[in-house]
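Please walk through the model below with its side chains switched on. Rings, charges and one helix will be taken in turn.

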Amino acid sequence: MISSVRGEVLAVGLDHAVVEVGGIGLAVQATPSTLARLRRGQPARLDTALVVREDSLTLFGFADAAERELFLLLQTVSGVGPRLALAALAVLDPAALSHALADGNITTLTSVPGIGRKGAERLIIELRDKVAPPSPADGGDDLPASPVVAGTLRDQVVEALVGLGFAAKPAEKAVDEVLGGSEDGGAADSSTVLRAALTRLGPSR
């Protein structure tokens, strides 16, 4: 298992980064909040989890080992795969997700696309005694925003949603609704738009 990577950041997308390790560029899937920490051309270190399938090898990256462990813990529950686990961490930061599981907060958990009421109840039953909610000081909401022009942002967010398993048309509609309700028009925070779109898609999936 590849448990971490360290190297120069070659590229940062909305749903992944490319990190050069030993002359090889590794594509690492990650949440918007983790990607917001990275800067092209700068060195970075990510804790990682390698998911092996018959037809693919996918590397997922995290800001720290605790976030990775939560990602792996979610997948111990039946019906939760790596994409859904990553979507949960994209919509809810680790602190909020841990608190929701520990407190049995079904409303918060069902805000994640792909998690319905029964799924949320199953997560709570199986994980509430296995998570330790982080202290408020451990929250990661103070990450720098990533301004992107609106036209490019729309395409990037739609692509990220499709990568998470959503059909293109519902993804486009959700992003258009989010951007249509934005008052700044000229620039937007990509992480915020992706989270808002995920929240809009959640109830219908």
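What follows goes from an aromatic cluster to the salt bridges and then to a helix.

This is a predicted model, in which local features need pLDDT of at least 70 and side-chain atom pairs count only at pLDDT 80 or more, while totals for chains, interfaces and linings use all residues. Residues are numbered from 1 along each chain as its sequence is written, and side-chain values use heavy atoms, with hydrogens and water left out.

Start with the rings. The structure holds two aromatic pairs. Rings of Phe, Tyr and Trp (its six-membered ring) pair if their centres lie within 6.5 Å; planes under 30 degrees apart count as stacked, over 60 as edge-to-face and the rest as tilted. Phe 60 and Phe 71 have ring centres 5.1 Å apart and planes at 40°, so this pair is tilted. Phe 60 lies in strand β5 (residues 56-62) and Phe 71 in helix α2, so the pair ties together parts that are eleven residues apart in sequence. Helices (H or I, at least four residues) and strands (E, at least two) are DSSP runs, numbered from the N terminus. Phe 62 and Phe 71 form a tilted pair as well, 4.8 Å centre to centre with 45° between the planes. Ring pairs thus link Phe 60, Phe 62 and Phe 71 into a cluster. Phe 60 and Phe 71 are buried, and Phe 62 is buried too. Buried means under 20% relative accessible area, exposed over 50%, partly exposed in between (1.4 Å probe, protein chains only).

Now the charges. The structure holds five salt bridges. Each is a side-chain nitrogen of Lys or Arg within 4 Å of a carboxyl oxygen of Asp or Glu. Arg 45 meets Asp 47 at 3.2 Å, N to O. Arg 45 is partly exposed at 39% relative accessible area, whereas Asp 47 is buried at 9%. Arg 68 also bridges to Asp 47, with the closest N and O atoms 3.8 Å apart. Arg 68 lies in helix α2 and Asp 47 in strand β4 (residues 43-53), so the pair ties together parts that are 21 residues apart in sequence.

Last comes α6. In this helix (residues 117-127), Gly 119, Ala 120, Leu 123, Ile 124 and Leu 127 are buried. Seen down the axis of α6, the buried residues fall within an arc of 135°, so they line one face of the helix. That arc is taken from the directions from the helix axis to the C-beta atoms. The buried residues of α6 pack against α2 (65-74), α4 (94-103) and α5 (106-109), contact meaning heavy atoms within 4.5 Å. The face turned away from the buried side carries the exposed residues Arg 117, Lys 118 and Ile 125.
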